[in-house]
Each structure stands twice: as structure tokens, then as C-alpha cells.
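Me: I would like to learn how to read a protein model step by step. Could you walk me through one?

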Amino acid sequence: MIQHKLLMAIIGIYRRIVLAIVTFVVTVLVASKSLFGRERMSHENGILLRGKLKIVENPQFPEHNFFRAGMEFDCRVRHAAASFKDDAKLVVRSASIKFSDNRRKSPLDILMNSGDMPLFWNARTFVGFMWVSILGKGKHYTPYLRKHGQAAVGGGISVRRDPVSPNKMVYNTKTVSGFIGLDEVYRYARYRLVPVPFDGQESGAPDEWDKTHAWLQNPYPDEPRHRNYLKDATREQLKSDGPLHYNLQIQLRLPPPDDTIQPEWLSSAVPWDQSAFPFVDVARVELNEALSYKESQLTWFHMGNHPPSLPMPRARSIDDPHSLIHLRLASIWARRARLVSYRIFSMPAAFSDSRKAKDWIAIPPVKDPP
Ligand code: HEM
């Protein structure tokens, strides 16, 4: 019995060391990309908006010292495309909220992507995904998708093509974080951002072909929309229709009763049953101003910005779903590297509308779909 316990302890330490090494190597790689590429590791193409958010007057979640009824915050929201510098590509879209009108400092940042299932769900799968992304996706992407059927499903669910507005899509945190109410009970939480009004139909939702071919990300050959069409449309919408509105919602559940068990639902690859764990409103968001390209580049969102009552759970191995949190927290170095790169090499200019420009990347035809 003692020998078994000792063996388990050694295995536990070994797994944590592997996680620390993987976190270090991934951080060095993504920070180098941001430093020498002068860009975000992902989500480089985006638009930054400013406005206000107000915690709901009658919260349907346990009392909480940060999400206090009726509290108001200035806020920034950045809508972006997760990859490629072209609004008309078939890509995952995002919404990141900062609970302050600052470039970096904030009591809480929440980063969300479209769809409710990601393309990776722990450090091990992220490394595989990162590797094919470094190689340029396209034909390199398909072996990864073939190996991880779940990633192909997640990609298919999460990509959006030619949405008319960022205010017509739903965004999810996917990963699980902590929520400690005034009752001192530790719960797990997931957030989503839903446009108001919303009729249940997301703009840009993939058709059957795109859903099952999410690696064919090029715009349609006769695509009339230019590379910056969505950001331009967002500015136009603010001018002609006024502010964009959203509801920030939360889904809560208790952790597994036995700490040694790592249930499947801890993984971001497994959305929670909404009838058992309904989303309830946390805050109403109103965005009324689009900020400049320069301000968008100088702003970062970081999941390390959170109060102690909304903690980030820690992992025990690279297969633990929370291992993504280790990578994401350490990626603060990529954010720092990106801002340092602007000082050393200057900030890159915003990319042009044209697909004939040198920085436009076409994905070559892929012969071997999964
Ligand atoms: C399901 C998991 C993840 C989600 C939902 C997510 C979401 C996001 C979003 C929405 C952004 C854009 C922020 C902006 O607009 O400025 C972003 C950027 C970024 N993410 Fe993630 N992410 C995930 C996993 C990861 C992982 C595992 C890493 C590990 C290295 C990572 C590193 C980064 C970096 C370096 C940036 C660019 C930050 C900057 O330079 O400002 N993310 N992520």
C-alpha cells in the first residue's frame, strides 16, 4: 500500500514536471513568434470597441463579491478572427471582454471564441494543433484532424464564414474556470456572450459543406467582400444603427465530488448540458465606439486578469483539461513580447483590403481530407 502511494506520488511529480517543461517550451515559441513576427500568436485581425457593462439587477446566480447586482464598469471588447488576415476566410471568430477601459489593467478579462467546442482541449492536443499551425495549416492540418476526430467536429462547429456583424454571433469561453460565491462554495464556470436581440440564428454559421470541411478556409473564389469588410461593417453599424448590445451569461456547476476523478465534462471539448446547467445573465454590455487600429494593437486581453473569487483551476498533467490554463497564463510573455516588438521594430501597418497584397496567404488545395 505504502509502495503504491509512493509510486503514485512519483508519477504525479513526473507529470507536473512534464507540464512545466511543455508550458516553458510553448511559451518560448509563442513569445518568439510575437516578438519577431510583431503580431498576436492568434487573433491578429480584429477591431476594438469601447462601452459600458452593467451587472444585472436581479442575479440568478449565487451572490458574488465581484458580480454585484447593478455594478457598472467601463469596458473594452475586441472582436477578432482567430487566424488569417482576411475577414472573408472561414475562421473561428472571437469576443474578448475587459472590465475596464484600459489597454492592459483590468479586474477581469474574459476571452471567448465562436462555437462551443474547441480544436484542442489540453496541453497535449494544443501542441499538436500549434505544430500544424506553424506549418501553415492547409494540408498539414488534415493529419491532425484525422488523428483527433473531436477537433474536426470542434472546428466545424466553431468556424464562421462571411458574418454580417460580430453582433450576430455567440461566443463561448469553452475552458472551465472557478467561481467562489459569498457562500464560499467553489463552483466551476463557463461564460458566453450572446447578442441582443438574438433569434437563435448566428450569422456566418457554416453550411453542411463548411462544417465538414473546416480546413478549406479560403474565401470563395468569386468573393466580393474585401479583407477588412467585417471591421468596416462594424464601424458602419455603430454609425447607422447605434450601440451594439450583448448579454454576458454564466453556466455554473459543482466540481466532481471525488478530487481524484477527472470527469470528461471538465474538458472544453464537452459542452455542459444546458437543461441541467442553464446559462443565466451576468451583465448587459453596450458598445458605442470603435477605437483606432493603434489602440487595438496596444490593448491586450489576459486571463490572468481576474479577482481571487473567480480563480483559474490548476492542472496535474498535460492531459488534464486545466493544462490549457497553464499555457494561457504563461502566454502573458507573448503579449509582452508583442508590445516590445513594436518599440524595437515599430508597429506593423494595418493590412490592405486587397488579396493581391504580399501579406495575403492563400491555402493551397488540400488533397487528403479526413
Ligand atoms: C480554448 C482555449 C482558448 C481560447 C478560448 C482562447 C481565446 C483567445 C482569444 C479570444 C484571443 C484574442 C484576444 C485579443 O483579441 O486580443 C486570444 C489570443 C491569444 N491567445 Fe488564446 N485562447 C485559447 C487558448 C490559448 C492557448 C492554449 C494559448 C497558449 C499559448 C493561447 C495564447 C494566446 C496568445 C499568445 C494570444 C495573443 C495575445 C496578444 O498578443 O495580445 N491561447 N486567445
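Reply: Happily; what follows goes from the overall fold to single residues and then to the ligand. Keep in mind that this is a predicted model.

Me: Let's begin with the whole chain. How many helices and strands are there in the protein?

Reply: The protein has nine helices and ten strands. Along the principal axes, its C-alpha atoms fill a box of roughly 70 × 50 × 45 Å.

Me: What does the radius of gyration say about a protein with 370 residues?

Reply: The idea is to set the value beside the one for a compact globule. For 370 residues that would be near 21 Å, and the protein has 20 Å, so the two agree. You can add two further readings: 39% of the residues count as buried, and among contacts with a separation of 6 or more, 79% join residues 24 or more positions apart.

Me: Now a single helix. How far apart are the end C-alpha atoms of H1, and what span should its 36 residues have?

Reply: Here you compare an expected span with the one in the model. At 1.5 Å a residue, H1 should span 52 Å, and its end C-alpha atoms are indeed 52 Å apart, so the expectation is met.

Me: Which residues of H1 are buried, and what covers them?

Reply: The buried residues in H1 are Leu19, Thr23, Val26, Val30, Ala31, Lys33 and Ser34. Their cover includes helix H2 (123–135), H8 and H9.

Me: What happens to the backbone just after H1?

Reply: Look at the phi angles there. Arginine 38 has a positive phi of about 50° although it is not a glycine. This residue sits in the loop between H1 and strand S1 (45–55). Arginine 38 is buried, because 20 other C-beta atoms lie within 10 Å.

Me: Where does lysine 174 lie, and what is its phi?

Reply: Lysine 174 is in the loop between strand S6 (171–172) and strand S7 (177–180). Its phi is positive, about 65°, although lysine 174 is not a glycine. With 25 C-beta neighbours inside 10 Å, lysine 174 counts as buried.

Me: And the peptide bond from valine 196 to proline 197, is it cis or trans?

Reply: For that, read omega: the bond is cis, with omega near -5°. Proline 197 belongs to the loop between S8 and helix H5 (208–212).

Me: On to the strands. How do I read the pairing of S8 and S9?

Reply: Check the direction, then the bridges. Strand S8 (residues 186–196) and strand S9 (residues 244–253) run antiparallel and are joined by nine bridges. For one pair, take leucine 193, whose bridge partner in S9 is leucine 248. S9 also pairs with strand S10 (residues 280–290), again in the antiparallel sense, over seven bridges. There, tyrosine 246 stands opposite valine 285 in S10. As a general aid, side chains in a regular strand alternate between the two faces of the sheet.

Me: Is methionine 112 buried or exposed?

Reply: Count its C-beta neighbours. Methionine 112 lies in strand S4, and it counts as buried because 23 C-beta neighbours fall inside 10 Å. Setting aside residues up to four places away in sequence, methionine 112 touches Ser94, Ala95, Ser96, Tyr171, Asn172, Thr173, Tyr191, Arg192 and Leu193.

Me: How do isoleucine 325 and arginine 336 come out by that count?

Reply: Isoleucine 325, in helix H8, is buried, with 21 other C-beta atoms within 10 Å. Beyond its neighbours within four places in sequence, isoleucine 325 is in contact with Thr175, Met312, Pro313 and Ala315. Arginine 336, in helix H9, has 15 such neighbours inside 10 Å and therefore counts as partly exposed.

Me: Finally the ligand. How many residues surround it, and which are the closest?

Reply: There are 29 residues around the ligand, and the closest are Arg40, Met41, His43, Ser94 and Ala334. The shell divides into 13 nonpolar, ten polar and six charged residues.

Me: Which elements each supply at least two residues of that shell?

Reply: They are helix H1 (2–37), strand S2 (72–81), strand S3 (91–98), strand S4 (109–114), helix H8 (323–330) and helix H9 (332–345).

Technical notes:
Residues are numbered from 1 along each chain as its sequence is written. This is a predicted model: local features need pLDDT of at least 70, side-chain atom pairs count only at pLDDT 80 or more; totals for chains, interfaces and linings use all residues. A residue is near a molecule or strand if its C-beta atom, placed from the backbone, lies within 6 Å of it. Helices (H or I, at least four residues) and strands (E, at least two) are DSSP runs, numbered from the N terminus. Ala, Val, Leu, Ile, Met, Phe, Trp, Tyr, Cys and Pro count as nonpolar, Asp, Glu, Lys and Arg as charged, and the others, Gly among them, as polar. Two strands pair if DSSP finds at least two bridges between them. A residue is buried if 20 or more other C-beta atoms lie within 10 Å of its own, exposed if 12 or fewer, and partly exposed in between; C-beta atoms are placed from the backbone. Two residues are in contact if their C-beta atoms, placed from the backbone, lie within 7 Å. The radius of gyration is taken over C-alpha atoms; the globule rule is 2.2 Å times the number of residues to the power 0.38. The expected span of a helix is 1.5 Å times one less than its number of residues.
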